[in-house]
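The exercises below are to be worked with the sequence and the coordinates side by side. Each task is followed by a solution in steps.

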Amino acid sequence: MSQAEQETRKQVADAYAAAIRQAQQGSGSCCGPATPAGTVAKLAGYEAELDTHKEAGASSFGCGNPLAFAGVEKGQAVLDLGSGAGFDLLIAADKVGAQGKVIGVDMTDAMIEVARDNIRKAGRDNIEVRKGLIEELPVEDGSVDWVISNCVINLSPEKERVFKEIERVLAPGGRFSVSDIVAHDLPPWVREHAQAYSACVAGAVSEEEYVAGLRAAGLVEIEVSERIVYDADQICGLVESDLRSFGIDPTDVAGAFAELAGKVQSIRISGRKPPDRAPEP
Ligand SMILES: C[S@@+](CC[C@H](N)C(=O)[O-])C[C@H]1O[C@@H](n2cnc3c(N)ncnc32)[C@H](O)[C@@H]1O
């Protein structure tokens, strides 16, 4: 990993440590306007889940709902990449039931602390949150039935490594369902904008690159099932809200992002590991 990649990762971790502190105080969050707690999650496609897991939902930083059509079954093992404050972990735990297992991996201590607190309050003992990188998952080969992730892989400076890790940890035939941001034709000033990177915009690759990366990692049956293209108001709201949640005054900056209208979108992408591929000896 290069020094620049390490710095990017630190900057993202610092931004989300600040964001979870702000969210705990009731302000806005990633991928949505600065609105009352839980509204961001509602915009991202959660409805019933918000009633069941109010507190974790209020600290959701997602851009979609990767579990909505995931078909997760009782007794299965689910891994959430970049599990944040644990909203999707709790929803996954509802789906797999007491016989199943849910693991979250996140690199930000403040997020992990809040997630563990939310899990404890919900009284779940089949969810484990591990500290680690999604590029180097602290998870055994071929050990999970599902990989889910919500608005995280765009933040990785090493996306090919993440895609390979998804392939490594999935059991043969195992599936993934990921919500994430993709973008095309971003101007250089956006690509170089540190806070726009943490705001899930500047690090996003195109849908074609995303699909090609998953395919190159050996994953198959890749399908994009949902696309939400952000208009000027939404993209400005997203950046403005994120800058605020990172503790940065967005005045005079967020409006500039209006030129990204139509170039940034949230997608849900799914696929699987081929059933006949056993873990490497
Ligand atoms: C936009 S938030 C999404 C959190 C959660 N998935 C949700 O929907 O609320 C991004 C999360 O990914 C974590 N993250 C970002 N890059 C990561 C990496 N390379 N390894 C592990 N965690 C990472 C951050 O700490 C943060 O909790």
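A residue is called buried if 20 or more other C-beta atoms lie within 10 Å of its own, exposed if 12 or fewer do, and partly exposed in between. The model is a predicted one.

**Exercise 1.** Classify Phe163 as buried or exposed, and describe its surroundings.

Solution. Begin with the location: Phe163 sits in helix α7, residues 159–169. Next, count neighbours: Phe163 has 23 C-beta neighbours inside 10 Å, and therefore counts as buried. Then look for partners beyond four places in sequence: Phe163 is in contact with Gly213, Leu214 and Ala217. A C-alpha to C-alpha distance of 10.0 Å separates Phe163 from Val211, which is 48 residues away along the chain. Finally, widen the view to the helix: the buried residues of α7 are Lys159, Val162, Phe163, Glu165, Ile166, Glu167 and Val169. They pack against β1 (77–81), β4 (144–150), β5 and α10.

**Exercise 2.** Compare the span of helix α1 with the span expected from its number of residues, and locate its buried side.

Solution. Helix α1 covers residues 3–24, which is 22 residues, and at 1.5 Å a residue it should span 32 Å. Its end C-alpha atoms are 32 Å apart, in agreement with that value. The buried residues to consider in α1 are Thr8, Val12, Ala15, Tyr16, Ala19, Ile20 and Ala23. These residues lie on the same side of α1 because they cover an arc of only 135 degrees around the axis. The spacing follows a general rule: an α-helix has 3.6 residues a turn, so residues three or four places apart point the same way. On the face turned away from the buried side, α1 carries the exposed residues Gln3, Gln6, Glu7 and Lys10. The cover over the buried residues of α1 includes α4 (54–58), α6 (109–122), α9 (194–198) and α11 (232–245).

**Exercise 3.** Assign Ala13 to a burial class and find its contacts.

Solution. Ala13 belongs to helix α1. With 18 other C-beta atoms within 10 Å, Ala13 is partly exposed. Setting aside neighbours within four places in sequence, Ala13 is in contact with Met107 and Thr108. Ala13 and Val152 are 139 residues apart in sequence, yet their C-alpha atoms are 12 Å apart in space.

**Exercise 4.** Describe the shell around the ligand: how many residues surround it, and which elements contribute two or more?

Solution. The ligand is surrounded by 27 residues, of which the closest are Gly62, Gly82, Gly84, Thr108 and Asn150. Two or more residues of the shell come from each of α1 and α5 (87–96). The largest contribution is that of α1, with four residues. By type, the shell divides into 15 nonpolar, eight polar and four charged residues.

**Exercise 5.** Determine how enclosed α11 is, and relate Val239 to the largest nonpolar core.

Solution. First the geometry: α11 has 14 residues and reaches 20 Å from its first C-alpha to its last, close to the 20 Å expected at 1.5 Å a residue. Because 11 of the 14 residues of α11 are buried, the helix is largely enclosed by the rest of the structure. Among them are Ile235, Leu238, Val239 and Leu243, together with Glu240 and Asp242. The buried residues of α11 pack against α1, α9 and β7 (264–272). Now the core: it has 81 residues, and those touching the most other members are Val78, Ala92, Val147, Val201 and Val239. Its largest share, seven residues, comes from α5. Beyond four places in sequence, Val239 is in contact with Ala196, Ala199, Val201, Ala254 and Phe257.

**Exercise 6.** Contrast Asp185 and Cys200 in backbone angle, place and burial.

Solution. Although neither is a glycine, phi is positive at about 55 degrees in Asp185 and at about 70 degrees in Cys200. Asp185 is in the loop between β5 (170–183) and α8 (188–191), while Cys200 is in the loop between α9 and α10 (207–216). Asp185 has 10 C-beta neighbours inside 10 Å and so counts as exposed. Cys200 has 27 other C-beta atoms within 10 Å and is therefore buried. A glycine may be added to the list: Gly247, just after α11, takes a positive phi of about 85 degrees.

Methods. Residues are numbered from 1 along each chain as its sequence is written. This is a predicted model: local features need pLDDT of at least 70, side-chain atom pairs count only at pLDDT 80 or more; totals for chains, interfaces and linings use all residues. The expected span of a helix is 1.5 Å times one less than its number of residues. The arc is that of the directions from the helix axis to the C-beta atoms. Two residues are in contact if their C-beta atoms, placed from the backbone, lie within 7 Å. A residue is near a molecule or strand if its C-beta atom, placed from the backbone, lies within 6 Å of it. Ala, Val, Leu, Ile, Met, Phe, Trp, Tyr, Cys and Pro count as nonpolar, Asp, Glu, Lys and Arg as charged, and the others, Gly among them, as polar. A nonpolar core is a set of buried Ala, Val, Leu, Ile, Met, Phe, Trp, Tyr and Cys residues joined through C-beta atoms within 7 Å.
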